[in-house]
Amino acid sequence: MSNPGKGIYDPAFVKELFDRCSKKYILFSYVCSMGFTERWRRQCVEALPKTPEPPQTCYDLMAGTGEIWPHLMRRYPDIQKVIAVDISSGMHQRALKRLHDMRADKIGFVEDDVLASDLPPSSADLIVSTFGLKTFNSAQHQKLAELTASTLKPGGAFCFIEASDPKGWWLRPLYIFYLKQVLPMVEKIFLKGARDFAMIGTYSTNFGDASNLADQLRAEGLEVTFRTHFFGCATSVSGRQPVA
Ligand SMILES: C[S@@+](CC[C@H](N)C(=O)[O-])C[C@H]1O[C@@H](n2cnc3c(N)ncnc32)[C@H](O)[C@@H]1O
């Protein structure tokens, strides 16, 4: 599968970025989002529609350090396998360390560019992704929509959530100032001049929100619900593969 990512959307660029961020990722994402990322991960799992049978297999795409797994295990204590897909070996290593506290037997890893991976057709009861959409451009979202449609079993459910640009919210200027000015400054001071998390502001404003992906998923024949979270500071798309 060819990859349409270039510049800041080139998978090699994104991989290096997250390899460099991986050590500080969990703390930085929790503190700088003031706990919102954790709340949005929980809401992502809650938004998964009910499946016809209890789910056995879930793909966590752009899994990072596996922050969503506790929420998944809580809602689906009998799930057999959560397969994490991530391109960054740094994030992957951090996730492995976290497995000591988790049910490691239930977690599998695919270290790969998700858009170039060969996930078997109709193999997933669930697909989730938290904060993995913004480093894709629209052509890559189209590939993700195709992959989701081909990988979900009939009746299988998905939910993707991402930090978004809260257009129209009266506090948006303050939020954008925080993303584009305050976060980079905090990073520069506390992470010895690093400029990696500073990219979040650029990726988020370029991303906009998940409404375009919602349309792409609908065009692939999936049932889709689009939601905004906290005045549009995050947006999600959830839904399912129609039962054949
Ligand atoms: C912002 S982190 C999100 C991690 C995690 N899901 C969370 O909730 O915190 C984005 C993750 O997407 C991964 N990623 C980016 N592009 C990818 C790609 N093309 N294929 C697989 N993983 C990718 C990065 O390595 C990184 O771990």
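**Close-up views of a ligand site, a central strand and four single residues**

**View 1. The ligand and its polar contacts in the predicted model.** An oxygen atom of the ligand is found 2.8 Å from an N or O atom in the side chain of Arg41, which makes a polar contact (a pair of N or O atoms within 3.5 Å; within protein, one must be able to donate a hydrogen and the other to accept it, and residues adjacent in sequence count only if both atoms are side-chain atoms). An oxygen atom of the ligand also lies 2.6 Å from a polar side-chain atom of Thr130, and a nitrogen atom of the ligand is 3.1 Å from a polar backbone atom of Ile87. Taken alone, the ligand exposes 590 Å², of which the protein buries 98%; such accessible areas come from the Shrake-Rupley method with a 1.4 Å probe, and for residues only the protein chains shown count as cover.

This is a predicted model, in which local features need pLDDT of at least 70 and side-chain atom pairs count only at pLDDT 80 or more, while totals for chains, interfaces and linings use all residues. Residues are numbered from 1 along each chain as its sequence is written, and side-chain values use heavy atoms, with hydrogens and water left out.

**View 2. The shell of residues around the ligand.** The ligand is surrounded by 19 residues, and the closest are Tyr25, Met62, Asp86, Asp113 and Thr130; a residue is near a molecule if one of its heavy atoms lies within 4 Å of it. This shell divides into ten nonpolar, four polar and five charged residues, where Ala, Val, Leu, Ile, Met, Phe, Trp, Tyr, Cys and Pro count as nonpolar, Asp, Glu, Lys and Arg as charged, and the others, Gly among them, as polar.

**View 3. Strand S5 and its two partners.** Ten of the twelve residues of strand S5 (residues 152–163) are buried, so this strand is largely enclosed by the rest of the structure; buried means under 20% relative accessible area, exposed over 50%, and partly exposed in between (1.4 Å probe, protein chains only). Strands (E, at least two residues) and helices (H or I, at least four) are DSSP runs numbered from the N terminus, and two strands pair if DSSP finds at least two bridges between them. S5 pairs with strand S4 (residues 124–130) in the parallel sense over six bridges, and with strand S7 (residues 234–240) in the antiparallel sense over seven bridges. Ile161 in S5 is the bridge partner of Thr130, while Phe160 stands opposite Val237 in S7.

**View 4. Two loop residues with positive phi.** Most residues other than glycine have a negative phi. Phe131, in the loop between S4 and H6, nevertheless has a phi near 65°, and this residue counts as buried at 9% relative accessibility. Phe230, in the loop between strand S6 (223–229) and S7, has a positive phi of about 45°, but Phe230 is partly exposed, with a relative accessible area of 36%.

**View 5. Two buried residues, Thr51 and Gly201.** Thr51 is found in the loop between helix H3 (36–46) and strand S1 (57–61), where a polar atom of its side chain lies 2.6 Å from the backbone oxygen of Glu53; at 12% relative accessibility, Thr51 counts as buried. Gly201 belongs to helix H8 (residues 199–207) and has a relative accessible area of 0%. The C-alpha atoms of Gly201 and Ile176 are separated by 7.4 Å, although these residues are 25 residues apart along the chain.
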